[in-house]
Amino acid sequence: MDDKKDIEDDAIREFIKNSSKNKDFKVPDGYFDGFQKNIHARIYNNPKSNRWNLPQFRWFATGFACIAVTVILVFDFNKNLPLAESELSQEELLAYFSENIDEISETELLDVVTEQDIGGIVLNDTTKTIPRKKEEDTEKPPSLEDFTDEEIFEYMLDEGYGTGEWDNL
Amino acid sequence: MFTEEEIIEKIQDKKTVNYGFNLLMDKYQEQVYWVIRRMVIDHDVADDIAQDTFVKVWKNLSSFKGDAKLSTWIYRIATNESLTYLRKKKRRFFLPIGDVEHELSSSLESDHYYSGDEIQLKLQKALLKLPEKQRLVFNMKYFEEMKFKDIAEILDVSVGSLKAQYHHAVKKIEKFVKDD
């Protein structure tokens, strides 16, 4: 069926026939000659935004961002997790506490260090050790057998024995 | 002049894509411009939309798989851009349809690049009273002399409904002209 037969009304057909096509609208001289230049200028002067506007690039960038965020979160989460004691040797623990003793509170220290450990802990970078007191030291008072003759003699001199103070007794 | 198939072949090859795009513009720039111009009336606006259309075509060349005709695909982008512009114009200024028609009609009379005679101006003014899609169909059929089958593919409607739309458009134009 001829498309032109769609115009059924004779009057309008006549009217439209009298109206010439494509001669009513004009364009500036040489407009179509410079058209491609304008398109090239827009395409090549803004290549970054072109790439970003490509749907496949957007998907790639979004996917990459999601993976990066997940990796960061997982890494950060693991970093903050307390390590199991079995994963660290006694020496590693001691080295850690020695280096960071100022930053650790007493409560935290007590959580980790047992009473038995106290006997051999090396504090900071000194070579001093805190010897563990013998239980008998605290229970029995010292007797004469614990002191040498020189210590006894020195003590008696300090107390004024031989200077006449003791003669009056 | 290169055929559509030859142009598609060029744009699908990475080595000749730029050349293929230039051929595509050579072939379609004028037809695309006129479809847009008859919808938006003003030359500067039509120029902007025509440029946007070809920039969009360039950006999406990789996604063109050849399922539809190249010309259909380009016209579809152009008509969508034109209709989007007209809808935005209405929304931005909260204009009712009648005011848009009035504004386009004023723009037509003051346009330096419009030199239609009395009959042509009358027809254009009558066309501006039509709903956008009917005007688009009429312009493509009457001025661009496209086949109903091609217009139907561009607008993604059936040929039957397109013919009905065209028939209604003609009837309305007749009424507008008689009443004027």
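Trainee: Is Met156(A) buried, exposed or partly exposed?

Mentor: In this predicted model, Met156(A) has a relative accessibility of 30% and therefore counts as partly exposed. The residue is found in helix α8 of chain A, which covers residues 149-158. Together with Tyr155(A) and Tyr161(A), Met156(A) makes a nonpolar surface patch of about 320 Å².

Trainee: What is the wider setting in chain A, and how many helices and strands are there?

Mentor: Chain A has eight helices and zero strands. Of its 169 residues, 15% are buried. The chain exposes about 14600 Å², and carbon and sulfur atoms supply 56% of that area.

Trainee: How many aromatic pairs does a search of the whole structure find, and how should one such pair be read?

Mentor: The search finds 15 aromatic pairs over all chains. One reads a pair from the distance between ring centres and the angle between planes, where over 60 degrees counts as edge-to-face. For Phe2(B) and Tyr19(B), the centres are 6.1 Å apart and the planes stand at 90°, so the pair is edge-to-face. Phe2(B) lies in the segment before α1 of chain B and Tyr19(B) in helix α2 of that chain, so the pair ties together parts 17 residues apart in sequence. Phe2(B) counts as partly exposed because its relative accessibility is 29%; Tyr19(B), at 41%, also counts as partly exposed.

Trainee: Which residues do ring pairs link into a cluster?

Mentor: The cluster consists of Tyr31(A), Phe32(A), Phe35(A), Tyr33(B), Trp34(B) and Phe54(B).

Trainee: Which charged residues of chain B sit over rings?

Mentor: Arg38(B) lies over the face of Phe143(B), 3.6 Å from the ring centre. In addition, the charged end of Lys141(B) sits over the ring of Phe148(B), at 4.8 Å from its centre.

Trainee: Which chains or helices do the salt bridges of Asp52(B) and Lys56(B) join?

Mentor: A salt bridge is read from its nitrogen-to-oxygen distance, with a cut-off of 4 Å. Over all chains, the search finds four salt bridges. In one of them, Asp52(B) meets Arg42(A) at 2.8 Å, N to O. Asp52(B) lies in helix α3 of chain B and Arg42(A) in helix α2 of chain A, so this pair joins two chains. In another, the side chains of Lys56(B) and Glu81(B) meet at 2.6 Å, N to O. This pair links distant parts of the chain, helix α3 and helix α4 of chain B, with the residues 25 apart. Lys56(B) is partly exposed at 38% relative accessible area, whereas Glu81(B) is buried at 18%.

Conventions. Residues numbered from 1 in each chain as written. Chains lettered and ligands numbered in written order. Predicted model: local features only at pLDDT ≥ 70, side-chain atom pairs only at ≥ 80, totals over all residues. Heavy atoms only, no water. Patch = residues over 30% accessible without salt bridge, like charges linked within 9 Å, V, L, I, M, F, W, Y side chains within 5 Å. Areas by Shrake-Rupley, 256 points an atom, 1.4 Å probe, with all protein chains shown as cover. Helix = DSSP H or I, 4+ residues; strand = E, 2+ residues; numbered from the N terminus. Buried < 20%, exposed > 50% of the residue type's maximum accessible area, 1.4 Å probe, protein only. Phe/Tyr/Trp six-rings, centres within 6.5 Å; stacked < 30°, edge-to-face > 60°. Lys NZ or Arg CZ within 6 Å of the ring centre and 35° of its normal.
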